[in-house]
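Please look through the notes below with the model open beside you. They go from the strands to two loop positions.

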Amino acid sequence: NTASYLIWLSQQCRHLLQSNQYIDKETMLAGTTPDLANFRNWNLTPKGLLISFVDGQVGPHAIGQPTVLIPLAALLPQLSSQGRQLVGHS
């Protein structure tokens, strides 16, 4: 059973990546399946959750290592009360 947060992360990343003309849809879909291994590189920033993909995960090697920023406003409803406190939104 896939955790709901992984499904949500997958959907958010796909939405944000689809506007990149250099990303192949098939590769992007495979690299953003709701699997924990696909979302192991992340940072919490003041602006939101920054997900970094490894070379070739969501597109060709030539585009490097794409990142997506899930805005804090979109992230907050997904966080527990403890998570909201950690980002300063209790």
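1. Start with the strands: β1 and β2 run antiparallel and are joined by four bridges. Keep in mind that this is a predicted model. The two strands form a hairpin, with two residues between them. One pairing to find on screen is T45, which stands opposite G48 in β2.

2. β2 also pairs with β3, again in the antiparallel sense, over five bridges. To locate this pairing, take L49 and look for its bridge partner in β3, I70.

3. Next, go to the loop between α2 (25–31) and β1 (42–45), where T32 is found. Is T32 buried or exposed? T32 counts as buried because its relative accessibility is 0%, and the cut-off for buried is under 20%. A polar atom of the T32 side chain lies 2.7 Å from the backbone oxygen of M28. Leaving aside residues up to four places away in sequence, T32 touches S10, C13, R14, L17, N38, F39, F53 and V58.

4. The other loop position is Q57, between β2 (48–52) and β3 (67–71). Q57 has a relative accessible area of 13%, so this residue is buried too. Which backbone oxygen does the side chain of Q57 reach? That of G31, at 2.9 Å. With residues up to four places away in sequence not counted, Q57 touches T27, G31 and N38.

5. A last item to check is N38, which appears in the contacts of T32 and also in those of Q57. Display N38 together with these two residues when you go over points 3 and 4.

Definitions and conventions: Residues are numbered from 1 along each chain as its sequence is written. This is a predicted model: local features need pLDDT of at least 70, side-chain atom pairs count only at pLDDT 80 or more; totals for chains, interfaces and linings use all residues. Side-chain values use heavy atoms; hydrogens and water are left out. Buried means under 20% relative accessible area, exposed over 50%, partly exposed in between (1.4 Å probe, protein chains only). A polar contact is a pair of N or O atoms within 3.5 Å; within protein, one must be able to donate a hydrogen and the other to accept it, and residues adjacent in sequence count only if both atoms are side-chain atoms. Contact means heavy atoms within 4.5 Å. Two strands pair if DSSP finds at least two bridges between them.
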